[in-house]
Each structure stands twice: as C-alpha cells, then as structure tokens.
Amino acid sequence: MEIIEKLENSERLNFEDGIKLYELDIFTLGKYAYKKREKLYGKKSFFNINRHINPTNICKDICKFCAFSANRKNPNPYTMTHEEILKIVEDAIKRDIKEVHIVSAHNDKVGLDWYLGIFRKIKENFPNIHIKALTAAEVNFLAKEHNLCFEKMIDLMIENGVDSMPGGGAEIFDEKIRDYICKGKVTSQEWLEIHRLWHKRGRKSNATMLFGHVEDREHRIDHMIRLRELQDETGGFNCFIPLIYQKENNYLKVKDFVTGQEYLKTIAIARLILDNIPHIKAYWATSTINLALIAQEFGADDLDGTIEKESIQSAAGAKSRYGIPLEEFVHLIKDSGFVPVERDSLYNEIKVW
Ligand code: V47
C-alpha cells in the first residue's frame with residue numbers, strides 16, 4: 001500500500017495522503033504516529049503550571065460554537081478590572097505558576113488600553129511570569145477597532161509585555177465552513193498573516209483547530225496543510241492543538257461528540273502531517289483527561305497544564321472549570337506510563353517530576 005510505504009520512508013505527506021490516513025485502522029495509524037513521537041521525545045510528556053484568565057466575555061462577534069461570550073444563552077456579561085486580574089496572578093504565583101494564558105472576548109466598550117494595560121501591569125508587578133495572550137482573532141479585532149495595521153498591533157503587544165501568542169481563533173480555515181460557524185470574525189488569511197508577522201518578530205505562537213462540529217475530515221487536513229505551509233516559511237509555531245467541539249449552550253446544532261477513535265486518529269494524523277511543528281497537544285479540557293492520556297500513545301507529547309480556571313470550554317459543557325491539581329496531573333501521567341516533564345512556555349525543560 002502506497003501510504004504505508006510513505007510512512008515507512010518518513011516521506012512528507014500531502015492532502016490525499018491525509019485522507020488515506022483517516023481510512024487506516026487506528027492501530028496501524030497509531031503505531032506510526034507513536035514511533036515519531038518516541039523518536040523525538042521518548043516517554044516524556046510535557047506540561048506547564050499555568051493559570052488561564054478570561055478578563056471579559058463581552059463580545060462584538062457572534063460565533064455559533066461559542067458558549068463563553070455574553071449573549072442570549074449566557075446573559076452574564078462581565079469585565080474584570082486590572083486590579084482584579086493582578087490579584088488573580090498574585091495569588092496563582094503562590095502555587096508556582098510560570099505562565100498566564102489570557103484570552104478575552106472582543107469587547108468594544110473598554111478601549112485598547114484596557115487590553116494592553118493588563119499585560120503591562122502584570123509584567124511590571126511580576127516580571128518573571130510568561131504572558132501568553134491575545135489570539136489572532138483578538139489582534140484582528142483590536143487592530144480594526146482602533147484603525148491600526150497588524151504590524152503596529154504587534155509592536156504594541158511586544159511593548160506591553162506579551163511574550164507569546166495562544167493558538168485560538170483558528171477554528172477551521174476552510175472558508176465555507178468558517179463562514180457558517182463564525183462569519184465576520186478574523187478570516188483564515190488574516191489569522192495566518194498575524195501569526196506570520198508575529199513569527200517574523202522572532203516570537204513563538206501556537207495553532208488550534210476546532211473540530212467535531214460541521215466540518216469533514218478533508219477540512220481538517222486542509223487546515224493542517226495551511227499551517228504546515230506557514231511553518232515552512234517561519235518556523236514560529238511551537239505547538240498544534242486540536243480542540244474537540246463542546247456542544248452545550250451555543251447556536252450550532254450538533255448532537256453528537258466526535259468519537260474517541262476519531263480524536264485519536266486526528267492527533268495521530270497531526271503528528272504525521274505536521275512534520276515541522278514540534279509539539280502536538282492533547283488539550284484535556286476538551287478531550288477529558290482520560291482520552292488525553294491515551295493520546296500520548298497516538299502521537300501527543302504535550303498535555304497543556306494545570307489551568308486552575310477554565311471558562312471557554314466549560315461554558316459549553318466541558319468538565320474543566322477548576323483545572324486539575326498538580327499532584328493529580330503528575331500522578332496520572334506517571335500511571336499512564338509516561339514521564340511528566342514540567343516545561344516553560346517555550347518548551348525549555350524545568351523539572352522531571
Ligand atoms: O479559538 C470556543 C475554542 C478557543 C468552543 O495556545 C471552543 O496553548 C470547544 O485559544 N468547544 C480558545 N472549543 C482557546 C485557546 C487555547 C486553548 C488551549 C490552549 C491554547 C494554547 C489555546 O476555544 C477558540 C475556540 O476554538 N472554543 N468555543 C466550544 N464550544
């Protein structure tokens with residue numbers, strides 16, 4: 001079989017190969033993905049001690065899959081003050097977090113300096129904390145709202161203390177599907193352009209893919225190939241994160257979750273297609289921790305982190321609202337046969353637990 005030959009020879013895989021990978025039985029596919037993971041990292045599984053903060057849920061955009069933003073189904077608008085945010089960070093640092101992951105909705109009431117001030121004040125008060133903040137969807141929103149080009153927005157992010165960019169807002173790049181699920185938000189081209197410019201400033205970022213809703217396998221492969229092309233150019237992506245769509249409290253009428261098997265296949269295919277993105281993250285907040293642990297055997301080498309508070313996926317039904325205690329996380333990784341390696345946000349190893 002031609003695809004097996006390509007896998008045996010570690011050849012670069014194209015779009016058609018990606019579709020064929022989905023048709024392989026899961027154990028054959030898993031074997032090749034695991035082989036690659038093992039060659040790169042052995043039994044190491046990376047995680048970080050982090051805190052998620054979502055400073056506002058007031059949003060100008062309407063994405064059908066979103067249960068986090070304040071809308072008819074979730075009429076609880078909030079906006080945190082900088083003091084509240086600083087208090088959260090101060091408190092979390094006592095638990096030894098190394099990173100704050102800050103993602104907001106697109107709030108047109110608070111002004112640009114409310115957004116930038118969050119990062120500036122965190123850096124002023126806690127210079128050693130890594131700030132991973134502003135998805136490309138937020139960057140696009142702020143640039144357009146305040147008549148700035150993307151380059152200028154990126155200058156402002158760097159000046160105000162943003163260290164790296166999270167991977168959110170990518171959803172699915174296919175324009176038809178994207179129009180259906182999140183029309184009006186950052187386009188695929190804009191998302192890629194913002195990350196391109198960020199990488200050109202020597203900075204790192206992640207890339208997500210929201211799947212298991214109305215897209216097909218071909219859209220997922222197309223999404224991965226578009227990321228791979230940009231990565232060939234810039235090398236700036238650290239990590240790829242397939243997010244399983246959570247179905248409660250939103251406007252997309254999807255009845256069933258993607259199956260565990262389809263998730264594991266998607267993780268494995270990501271490992272094989274994305275030959276230039278070093279890390280594949282099984283984001284336990286959407287997959288459940290059990291499936292994320294199994295995903296380690298299908299190519300995933302990163303399990304995100306302890307999170308402490310999760311508001312986006314849990315609003316849509318995920319059981320991730322209070323994160324996961326560090327001790328439990330470490331034990332679960334060990335019990336699953338892997339070696340928990342605490343990393344910083346740029347994947348430098350901090351401690352083998
Ligand atoms: O882009 C929204 C997703 C993302 C739902 O960079 C949903 O390390 C599932 O950026 N079901 C934001 N997902 C989260 C994000 C992120 C998360 C974890 C790690 C990293 C990283 C980044 O949340 C959005 C969107 O795709 N999302 N609604 C939902 N119903």
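**Exercise 1. Polar contacts of the ligand**

Find how far a nitrogen atom of the ligand is from a polar backbone atom of Q246, then list polar contacts of the ligand with G168 and N206.

Solution.
Step 1. In this predicted model, local features need pLDDT of at least 70, side-chain atom pairs count only at pLDDT 80 or more, and totals for chains, interfaces and linings use all residues. Residues are numbered from 1 along each chain as its sequence is written, and side-chain values use heavy atoms, with hydrogens and water left out.
Step 2. A polar contact is a pair of N or O atoms within 3.5 Å; within protein, one must be able to donate a hydrogen and the other to accept it, and residues adjacent in sequence count only if both atoms are side-chain atoms.
Step 3. The distance from the polar backbone atom of Q246 to the ligand nitrogen is 2.8 Å.
Step 4. An oxygen atom of the ligand lies 3.2 Å from a backbone N or O atom of G168. For N206, a polar side-chain atom is 3.0 Å from a ligand oxygen.

**Exercise 2. The shell around the ligand**

Determine which residues come nearest to the ligand and which element gives the most to the shell.

Solution.
Step 1. A residue counts as near the ligand if one of its heavy atoms lies within 4 Å of it.
Step 2. There are 23 residues around the ligand, and K132, G167, G169, E171 and K281 come nearest.
Step 3. Helices (H or I, at least four residues) and strands (E, at least two) are DSSP runs, numbered from the N terminus. Two or more shell residues come from each of β5 (205–211), β6 (237–244) and α14 (312–315). With three residues, β6 gives the most.

**Exercise 3. Positive phi outside glycine**

Locate N147 and I307, and decide whether each is buried or exposed.

Solution.
Step 1. Buried means under 20% relative accessible area, exposed over 50%, partly exposed in between (1.4 Å probe, protein chains only).
Step 2. N147 is not a glycine, yet has a positive phi of about 50°. This residue is in the loop between α6 (136–145) and α7 (150–159). Its relative accessibility is 73%, so N147 is exposed.
Step 3. I307, also not a glycine, has a positive phi of about 65°. The loop between β8 (302–305) and α14 holds I307. Its relative accessible area is 0%, so I307 is buried.
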